[in-house]
Amino acid sequence: ITALATNLAPAHAIRSRPELRAMLTVSKAVARGGPLGDVLNLIAAEAAGVVAGADRSSIILIDGSGPHFRLAGSFGLSKPYRLLLSTGRAKLLPGEGPSGVAYETGLPVVIDDLEQDARMASWEYRDIARDERYRAIVSLPLIADGTVVGTLNVYRTNAGPWSREHVDVLERTVSEVIREKLFRLTGDELP
């Protein structure tokens with residue numbers, strides 16, 4: 001019995017039911033395939049569902065036709081915001097805003113309060129995020145075949161810290177699956 005007990009994961013490493021359900025749902029969707037937008041919308045919905053207080057999310061991919069992003073999947077976004085990101089009118093660029101910084105650095109960007117975060121003070125589209133009532137944002141880089149191809153963004157309407165556990169849950173639940181499967185799933189659809 002002692003030998004078995006030493007092989008158990010520490011209590012903090014055990015995944016929650018919502019996290020396990022989300023991982024299973026995402027894995028099945030990726031394996032099943034189908035239209036890329038449908039799969040990415042499902043992944044976005046699962047990402048929003050695993051962190052308490054998060055109710056919206058987006059998946060933004062770099063557009064191969066130019067150095068800007070395009071909306072590839074979403075959950076809970078308003079229609080005007082979806083259209084703005086889908087048409088490219090927002091011209092979100094690498095290095096600008098949470099998504100752009102996560103894209104350029106390859107690291108998560110955690111914004112506890114959009115109004116107070118000095119890194120976002122000069123962000124050109126902060127007013128749009130404010131109009132959508134986004135107060136807290138996490139942007140995770142999406143990596144396919146060793147290259148950052150976009151970001152997963154999860155939004156909350158209330159300001160407040162994102163715990164390390166929140167970020168870890170998002171990375172393990174959704175981003176990890178995307179990182180491993182996105183290149184195979186999208187094939188030629190990636191920029």
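A residue is called exposed here when its relative accessible area is over 50%, buried when it is under 20%, and partly exposed in between. Keep those cut-offs in mind for the views below, and remember that the model is predicted.

**View 1. R133 sits in the loop between α6 and β4.** Is R133 buried or exposed? With a relative accessible area of 52%, R133 is exposed, because the cut-off for that word is over 50%. The backbone deserves a look too: most residues other than glycine have a negative phi. R133 is not a glycine, yet its phi is positive, about 70 degrees.

**View 2. E115, D127 and R130 are joined into one network by salt bridges that share partners.** Start with R130 and E115, whose closest N and O atoms are 2.7 Å apart in a salt bridge. R130 belongs to helix α6 (residues 126-131), while E115 is in the loop between β3 (109-111) and α6, so this pair ties together parts that are 15 residues apart in sequence. Now turn to R130 and D127, which also form a salt bridge, with 2.5 Å between their closest N and O atoms. Why are R130 and D127 separated by about one helical turn? Because they are three residues apart in helix α6. As for how open the network is, R130 is partly exposed at 32% relative accessible area, E115 is partly exposed at 29%, and D127 is partly exposed at 46%.

**View 3. D55 and R56 meet through their side chains in a salt bridge.** The N to O distance is 3.6 Å. The two partners fall into separate accessibility classes: D55 is partly exposed, with a relative accessible area of 35%, whereas R56 is buried, at 11%. For the wider picture, a search of the whole structure turns up seven salt bridges.

**View 4. A54, in strand β1, is a buried residue.** Its relative accessible area is 11%, so it falls under the 20% cut-off for buried. Which residues does A54 touch, leaving out those up to four places away in sequence? They are A48, V154, Y155 and R156. You can also find G76, which is 22 residues from A54 along the chain; the C-alpha atoms of A54 and G76 are 9.9 Å apart.

**View 5. The largest cavity holds about 100 Å³ of space.** Of the 13 residues lining this cavity, Y81, P98, S99, W123 and Y155 are the closest to its centre. Which elements give two or more residues to the lining? They are α5 (97-105), β4 (136-144) and β5 (147-156). The biggest contribution comes from α5, with four residues. By type, the lining of the largest cavity has seven nonpolar residues, five polar ones and one charged one. The whole structure has two cavities of 30 Å³ or more.

**View 6. Helix α5 packs its buried residues against five strands, β1 to β5.** Those buried residues are G97, P98, S99, G100 and A102. The strands they pack against include β1 (54-63) and β2 (68-75). Right after the helix comes G106, with a positive phi near 75 degrees.

**View 7. The largest nonpolar core brings together 24 residues.** Which residues have the most contacts inside this core? L40, I59, L152, V154, W162 and L170 do. The elements that give two or more residues to the core are α3 (36-49), β1, β4, β5 and α7 (164-186). Of these, α3 gives the most, with six residues. Apart from this core there is another one, of 18 residues, including I60, I62, A102 and W123.

**View 8. W162 is in contact with residues from several stretches of the chain, V51 and V167 among them.** Leaving aside neighbours within four places in sequence, its contacts also include V110, I111 and D112. A136, I137 and V138 are in contact with W162 as well, and so are V154 and R156. Recall that W162 and V154 are both among the residues with the most contacts inside the largest nonpolar core.

How values were computed. Residues are numbered from 1 along each chain as its sequence is written. This is a predicted model: local features need pLDDT of at least 70, side-chain atom pairs count only at pLDDT 80 or more; totals for chains, interfaces and linings use all residues. Side-chain values use heavy atoms; hydrogens and water are left out. On a 1 Å grid over the protein atoms alone, a cavity is a set of points where a 1.4 Å probe fits but cannot get out, and a pocket is an open set with protein on both sides within 12 Å along at least five of seven lines; lining residues have an atom within 4 Å of a point. Grid points are joined across faces, edges and corners, and a volume is the space filled by probe spheres set on the points. Ala, Val, Leu, Ile, Met, Phe, Trp, Tyr, Cys and Pro count as nonpolar, Asp, Glu, Lys and Arg as charged, and the others, Gly among them, as polar. A salt bridge is a side-chain nitrogen of Lys or Arg within 4 Å of a carboxyl oxygen of Asp or Glu. Buried means under 20% relative accessible area, exposed over 50%, partly exposed in between (1.4 Å probe, protein chains only). Contact means heavy atoms within 4.5 Å. A nonpolar core is a set of buried Ala, Val, Leu, Ile, Met, Phe, Trp, Tyr and Cys residues joined through side-chain atoms within 4.5 Å.
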